[in-house]
Number of protein chains: 2
Amino acid sequence: MPRKVQPVATGPRRSVLSDETYDMVKAMILTHEIAPGAKVNIDALALKLGVSQTPIREALARLESDGLIAKEALKGYSTTNLLTVKQFNDLFQFRLLIEPWAAEQSAQNINAVGIAALKAEMQSAKTALKLSESEQVQAFIEHDARFHSLITRISGNESVTEAFERTHCHLHLFRLFLAAQSRLIDDKPKDKFVEDLFYRYYQTGSGQLTIKEHEAISSAICTGDDKGAKTAMQKHIQSSLDRFSPAAKVLNK
Amino acid sequence: MPRKVQPVATGPRRSVLSDETYDMVKAMILTHEIAPGAKVNIDALALKLGVSQTPIREALARLESDGLIAKEALKGYSTTNLLTVKQFNDLFQFRLLIEPWAAEQSAQNINAVGIAALKAEMQSAKTALKLSESEQVQAFIEHDARFHSLITRISGNESVTEAFERTHCHLHLFRLFLAAQSRLIDDKPKDKFVEDLFYRYYQTGSGQLTIKEHEAISSAICTGDDKGAKTAMQKHIQSSLDRFSPAAKVLNK
DNA sequence: GTCGTCAAAATACTATACGAAATAGTATTT
DNA sequence: AAATACTATTTCGTATAGTATTTTGACGAC
């Protein structure tokens with residue numbers, strides 16, 4: 001008779017419930033399962049996720065620090081609204097300050113590990129082309145997020161990496177995208193700007209534009225062409241800004 | 001007989017216990033009441049602050065997001081260590097990316113409100129000169145924090161402002177300073193580097209250097225000299241880096 | 001009908017106690 | 001001495017109760 005009962009295939013837990021809750025709530029915000037600007041009821045959320053209030057509170061506190069949730073004393077939590085046009089422009093201006101520099105640094109610091117990581121990420125983007133259209137959108141935004149994050153990491157500067165991660169820029173872009181999508185489907189099919197967004201987005205999502213620009217950045221970094229990497233990143237961010245700007249504009253009219 | 005009983009001078013509460021707890025714990029980290037790298041026991045902290053665990057948990061979750069507290073699954077929270085030399089350099093490099101730009105923008109956007117705020121902040125620095133030496137240190141670091149924060153706000157870019165605030169750079173500098181101070185007092189009075197730090201710091205703290213550099217930035221902004229503001233900010237951050245760099249080095253040997 | 005008042009319900013916030021699970025430290029056995 | 005077993009501590013999560021505040025909605029005055 002075994003002295004100690006065998007744990008039922010549960011390896012050592014690497015994350016705790018409050019971390020999982022954080023990820024789940026973040027995902028719910030990303031996918032508009034909790035709409036932008038909506039109230040977040042702690043009891044209801046705890047019930048829905050099947051956990052007690054404690055992990056929920058910790059998750060919401062962290063999300064507040066992330067700027068994804070706003071807290072009003074004694075009135076509770078609510079998700080932040082979609083980016084305003086100004087916030088959108090501010091965000092891209094900020095990226096223009098740090099990311100071209102990061103690309104430049106990466107080209108100077110690049111090594112075999114970095115090259116392998118970049119190649120792998122570019123490869124994942126190309127395989128994403130095989131997915132269905134609806135899956136492509138999500139896949140490409142995730143690739144874009146990983147790609148830009150990777151370059152800040154290769155740059156070697158922790159502060160820059162953290163600052164970039166905290167912008168959650170791809171999460172915000174995805175929320176904008178989803179809002180535009182539902183708006184397109186629901187009630188305003190002839191909104192010129194939203195249609196335009198989708199044209200522009202799928203142009204990106206289908207990989208032609210984003211992949212091309214990422215390829216230019218990636219190869220410049222891998223060949224150690226620091227100035228080339230810098231200007232390629234500048235152009236890419238500017239191009240991304242131009243693509244998404246109309247969406248931000250019309251959704252916050 | 002008055003129809004409604006007068007509330008006993010208790011206006012609507014603007015912050016809740018968990019917010020106050022957050023500030024208190026942050027202050028405890030700042031002042032080394034909780035030493036760098038030390039474990040943070042939730043029960044003990046709750047007992048000490050006279051609150052229950054719930055607000056403590058929320059506060060620690062937020063501080064973790066801030067990068068001031070680290071969390072290890074099932075092992076609890078502990079304060080982050082002092083900045084390593086690399087982190088220190090990364091931080092200042094990051095500031096060099098965003099703050100000169102912010103100063104340049106501020107010079108372009110400056111208006112009467114901004115000028116008044118800058119003048120007031122410069123005035124507060126000068127009145128801090130009248131304080132005792134020990135109070136000056138705290139006062140000057142606080143002035144420095146407010147001054148740099150103010151400029152990012154005047155720049156008008158929310159992302160830049162937030163990114164700067166989140167670095168908590170002055171909090172980290174103050175922790176470095178305190179660590180050097182205790183080291184100087186305690187056991188290694190003839191440490192050349194630490195003495196050097198204090199020489200450099202008081203040179204700054206006495207206001208001669210910092211005030212001069214801040215004055216140059218401030219007046220360039222107020223006169224709309226954008227390029228001048230940019231280079232003045234660059235020089236100031238570089239100068240600050242040079243002053244503190246030896247301290248970071250020796251304290252992390 | 002509009003506005004304000006007031007009570008009831010809902011919700012946020014805090015406190016407290018308890019238990020499960022993991023870690024860390026100590027003692028025991030091999 | 002190394003491996004194992006045991007104990008103590010701590011973290012983590014749950015449950016529950018109670019207070020404070022906001023929200024709601026009905027009622028009545030204008």
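A residue counts as buried when its relative accessible area is under 20%, and as exposed when that value is over 50%; between these limits it is partly exposed. This cut-off is applied below to a predicted model.

Salt bridges were searched for first. Over all chains, the whole structure holds 28 of them. One lies within chain A, where the side chains of A:E213 and A:R243 meet at 3.9 Å, N to O. This pair links distant parts of the chain. A:E213 sits in helix α10 (residues 208-222), A:R243 sits in helix α11 (residues 226-251), and the two are 30 residues apart. A:R243 has a relative accessibility of 7%, so this residue counts as buried. A:E213 is buried too, because its relative accessible area is 17%.

A second salt bridge lies within chain B. Here B:R62 pairs with B:D19, and the closest N and O atoms are 2.9 Å apart. This pair also joins distant parts of its chain: B:R62 belongs to helix α3 and B:D19 to helix α1, 43 residues apart. Both partners fall below the cut-off. B:R62 is buried at 13% relative accessibility, and B:D19 is buried at 18%.

B:D19 has a further partner, in chain A. A:K71 forms a salt bridge with B:D19, with 3.5 Å between the closest N and O atoms. A:K71 lies in strand β2 of chain A and B:D19 in helix α1 of chain B, so this salt bridge joins two chains. A:K71 has a relative accessible area of 22%, so this residue is partly exposed rather than buried. Another set of residues forms a network of salt bridges: A:D19, A:R62, B:E64 and B:K71.

The contact between the two protein chains was examined next. In chain A, 33 residues are in contact with 34 residues of chain B. The two chains bury about 2,900 Å² between them, and 54% of this area is on carbon and sulfur atoms. Three residues, A:S65, A:L97 and A:R166, supply 18% of the area that chain A buries against chain B, more than any other three residues. The count of salt bridges between chain A and chain B is 6. Polar contacts across the interface involve 19 residue pairs, both residues being at pLDDT 80 or more.

Four helices of chain A each give two or more residues to the side that touches chain B: α1 (17-30), α3 (53-66), α4 (85-109) and α7 (158-167). The largest share, 9 residues, comes from α4(A). By class, this side of chain A has 12 nonpolar, 9 polar and 12 charged residues.

DNA strand C was considered last. Around this strand there are 21 residues, of which A:L74, B:L17, B:S52, B:L74 and B:K75 come nearest. Sugar and phosphate make up 83% of the strand's atoms that come within 4 Å of the protein. Several contacts reach phosphate oxygens. A polar backbone atom of B:S52 is 2.5 Å from one. A backbone N or O atom of A:L74 lies 3.0 Å from a phosphate oxygen. In B:K75, a polar side-chain atom lies 3.0 Å from a phosphate oxygen.

Both protein chains provide elements to this surface. β2 (69-72) of chain A, together with α1 (17-30) and α3 (53-66) of chain B, each give two or more residues. The largest share, 3 residues, comes from α3(B). The surface near DNA strand C has 9 nonpolar, 7 polar and 5 charged residues.

Methods: Residues are numbered from 1 along each chain as its sequence is written. Chains are lettered from A and ligands numbered from 1 in the order in which they are written. This is a predicted model: local features need pLDDT of at least 70, side-chain atom pairs count only at pLDDT 80 or more; totals for chains, interfaces and linings use all residues. Side-chain values use heavy atoms; hydrogens and water are left out. Contact means heavy atoms within 4.5 Å. Buried area is the accessible area (1.4 Å probe) that two parts lose on being put together, summed over both. A salt bridge is a side-chain nitrogen of Lys or Arg within 4 Å of a carboxyl oxygen of Asp or Glu. A polar contact is a pair of N or O atoms within 3.5 Å; within protein, one must be able to donate a hydrogen and the other to accept it, and residues adjacent in sequence count only if both atoms are side-chain atoms. Ala, Val, Leu, Ile, Met, Phe, Trp, Tyr, Cys and Pro count as nonpolar, Asp, Glu, Lys and Arg as charged, and the others, Gly among them, as polar. A residue is near a molecule or strand if one of its heavy atoms lies within 4 Å of it. Buried means under 20% relative accessible area, exposed over 50%, partly exposed in between (1.4 Å probe, protein chains only).
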